[in-house]
Amino acid sequence: MSVRATKWVLWVLLYCIAPVPYTLGANETAPPLRLFLISTLTGLLQVTEGAGGWVWRTFILLGVGQCLLYALGLYFVAAFICRATTRLEDSSRRSLTLAIVAVSLAVACIVPIYETPLSSRSLYSTLLQILY
Amino acid sequence: MRRRRQPAAGVAFVVTVATVSVCLTTAAFGFARIETRAPCQDQAPLRRPFFGDLHVHTRYSLDASTQGTRTTPAQAYDFARGKTIGIQPWDANEAPGREVQLLRPLDFAAVTDHAELFGETEICRTPGLEGYDSLMCRVYRRWPKLAFFLMNGRATPFGFCGEDQSRCATADTLPWRDMREAAEAAYDRSAACSFTTFIAYEWTGYTHRNVIFRGTEVPDIAPSSVEFPHETDLWDTLEERCRDQRQPCDFVVIPHNSNVSASTTFQTTLPSGNELDAAEAKRKARNEPLVEIMQHKGSSECYAGVGTNDELCGFENVPYDYLGARFVTAMRKIPAANNFVREGLAIGMRVQRKVGVNPFRFGFIGSTDTHLGTPGLSAERNYPGHGGAGVPIRDILPDSLLDPIEYNPGGLAVLWAEENSRDALFAAMQRRETYATSGPRINFRFFGGWDLPADVCTRPDLADIGYARGVPMGGELPRNASAAPVFVSRALKDPGAQGHPGVALQRLQIIKLWIEDGSTRERVIEIDGSADNRVSINPTTCSVQSSGTDSLCARWRDDDFDSTQAAVYYSRVVQDPTCRWSTLACNQAGVRCDKPSTIRRGWEDCCNDDYPKVVQERAWTSPIWYNP
């Protein structure tokens, strides 16, 4: 696996599972992916329901703004991690990357590391719960 | 004396009979009986305190239903009468995860669901209604908290309501009808007079208000802040619609949570930007005779250190002045004094000096503001949280405090009335003969007059004397330029319930407010009991060593009285300290602040020193005013 591919895999991984703090009416600590989903949903609702107003606009702006910010920030984090793997063989890099992905996904799916008050289900969620 | 409504045998005859009946019952009881019902067996000509809750949300409120509250108004009234109900979280078989029951039933209650979004909530909750399958309703069911923010924050009508909004308008009437029917069904019209209900709802504008109707003649649709955004619009429509009714459609409007109203509750400007004039001030005083001084989201009496040196103001203070700051901590700031009822009373006196009418002549009540449909659930022990702006509990009981640390179980409304009927209780609200408690059922009297005898506290006819030679709480002293006013305040401790004895009383106070050189002056007078009564409490075990008393009573004369100055007086009694709900919950969860390993995630606030471990539950009488 090339360094470039590794960087993008890590970036996607971080974007999908890294718990980051954001605010959207309530303060949550969850992956940017969740923020992206909520923002997209709100945008869709605005189109289908025509329910405008400053709260909706603020929601969407806040959501999109933070999504972009974290996308950029996590890209640099992924690039930084990749830099440490440049000396590795492609096969080793692939193994390491897959291991990181597997372990991270396992932890995120098992341990409730996310704080998700917007769900109204549980204050703390695993990756599976927040996507449910 | 009490008459059932007669079949029309002639309009003049009916009018005459009704007038005579109203006059006779008014003369005998101090209230007009206009409803058709059996006479109450239990009469108290000198009135007795009835305990209840006038602020209750059930599944019809958006902020309750999005948190899994399924309690119907009928179930809420059942709960108030002592029955057990199940509440969230719900398991896969729809069984409730918790059951709750009051230790003692209430005497009265009113379900006050938010009128805003009645229709939208109903459509999203009810399969089969047109709009149920809309994207918004899907989000409501799947992402309820998100839906709560979005649905509350919409500025234009929803598409799923239909082009002409007819779907939501039709659905709007369903919850309101059920609330009215539940109130009617639960009202005990028998001679036992065991339980009274009021048809009511909450108008949630930029400040929040509960509207309580006297009887069954109410508007077909609950006027909400969507159509009537300012309180004057609300009064306009209530007055207008009530004029169309066959019977008097009396109502009272009760503002609440002035503490988090961003200084809007006691503002003296009209929507037009003009200052309150005499006519509007009079209308405000007539329509809003009461204010809710204590509830789930904090005490609204005063704030420790903000415009006051009163040490007892540090009670259930919420450390922000705007409800939105509960969710966005960056918006938090300590509330200004004009968010609180004490300053509101002073503002009222200032306006009176200017325009001749006091718009803020408020009597006091407490209530819970429960969003679980559990009226009167104001005990600190086993507190399940009240939902709403608190911690949302839907499918899983979180391993954490069940309410934000700054919130509390709320209080009760107490009305002094001759009997437990709508007419008698409503009259108590209108004449402000009410008081608030933070939960305990303290019996609290307060009279003011010019010649209350020195031995009034030891006399068995204290109430007789108080009414005959003075005015009760909520009243106004007649003018007198040559004497000093005398007050008598008496508090009897809550007797408690079986297995749950009441807590002893610690001290009794009178708070006097007056305006001097344009500034508010206050004086807190200890009239009985003492803070130094050697009470001790261990917050780890919550065991109390108390030397408090079962009753406190004192007569106090205001020797500094200046008959040319307006003044207002109210009384406050506090119990011995007891453990706060959060302390009880933290102890039960095994949290020890000296052992960091026991402080699990979600329980960090157990060791937050900004919040007290113990509280002194209390009661506040409605004020007595003097105007020169």
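Two residues count as in contact here if their C-beta atoms, placed from the backbone, lie within 7 Å. With that in mind, look at helix H12 (residues 462-469) of chain B, which lies across strands S13 (443-449), S14 and S16 of chain B. Measured against S13(B) in angle, H12(B) runs at about 35°. Please remember throughout that this is a predicted model.

Now turn to the strands beneath that description. S14, S13, S16 and S23 of chain B, in that order, form an open sheet of four strands with antiparallel pairing. Which strands sit at the edges? They are strand S14 (470-472) and strand S23 (551-557) of chain B, each of which pairs on one side only. From one strand to the next, the twist averages 15°. Strands of a sheet pair through backbone hydrogen bonds, either parallel or antiparallel. In this sheet, strand S16 (residues 486-492) of chain B is joined to S23(B) by seven bridges, and the two run antiparallel. To find one of these pairings, start at B:Leu492, whose bridge partner in S23(B) is B:Ser551.

Next, find strand S12 (residues 434-437) of chain B, which has partners of its own. Strand S11 (residues 412-417) of chain B pairs with S12(B) in the antiparallel sense over four bridges, and B:Leu412 stands opposite B:Thr437. S12(B) is also joined by three bridges to strand S27 (residues 618-621) of chain B, again running antiparallel. There, B:Tyr435 has B:Thr621 as its bridge partner.

Are the faces of S12(B) covered or open? In a regular strand the side chains alternate between the two faces of the sheet. On one side of S12(B) are B:Thr434 and B:Ala436, on the other B:Tyr435 and B:Thr437, and all are buried, leaving both faces covered.

Helix H11 (residues 422-430) of chain B has buried residues too. Why is H11(B) described as largely enclosed by the rest of the structure? A residue is buried if 20 or more other C-beta atoms lie within 10 Å of its own. Eight of the nine residues of H11(B) are buried, so the helix is largely enclosed. Among them are B:Arg422, B:Asp423, B:Leu425 and B:Phe426. After the helix comes B:Arg432, which has a positive phi, near 65°.

For a contrast in surroundings, visit B:Gln165, in the loop between H6 and helix H7 (166-186) of chain B. B:Gln165 is partly exposed because 13 other C-beta atoms lie within 10 Å. Although B:Gln165 and B:Gly119 are 46 residues apart in sequence, their C-alpha atoms are 9.9 Å apart in space.

Let us now see where the two chains meet. The contact takes 27 residues from chain B and 24 residues from chain A. On the side of chain B that touches chain A, helix H5 (135-142) and helix H6 (144-152) each supply at least two residues. H6(B) gives the most, with five residues. By class, that side of chain B has 16 nonpolar, seven polar and four charged residues.

Our last stop is in chain A. The axes of helix H2 (residues 32-49) and helix H3 (residues 54-83) of chain A come within 9 Å and cross at roughly 150°. Angles over 145 degrees count as roughly antiparallel, and H2(A) and H3(A) are therefore roughly antiparallel to each other. The crossing is left-handed. Residues making the contact include A:Leu35 and A:Phe36 of H2(A) and A:Phe59 and A:Ile60 of H3(A). This contact has 12 nonpolar, six polar and no charged residues.

Notes
Residues are numbered from 1 along each chain as its sequence is written. Chains are lettered from A and ligands numbered from 1 in the order in which they are written. This is a predicted model: local features need pLDDT of at least 70, side-chain atom pairs count only at pLDDT 80 or more; totals for chains, interfaces and linings use all residues. A residue is buried if 20 or more other C-beta atoms lie within 10 Å of its own, exposed if 12 or fewer, and partly exposed in between; C-beta atoms are placed from the backbone. Two strands pair if DSSP finds at least two bridges between them. Ala, Val, Leu, Ile, Met, Phe, Trp, Tyr, Cys and Pro count as nonpolar, Asp, Glu, Lys and Arg as charged, and the others, Gly among them, as polar. Axes are lines fitted to C-alpha atoms, for helices over the stretch in contact, and angles run from 0 to 180 degrees between N-to-C directions. Angles under 35 degrees count as roughly parallel, over 145 as roughly antiparallel, 65 to 115 as roughly perpendicular and the rest as oblique. A crossing is left-handed if the near helix is turned anticlockwise from the far one by less than a right angle, and right-handed if clockwise.
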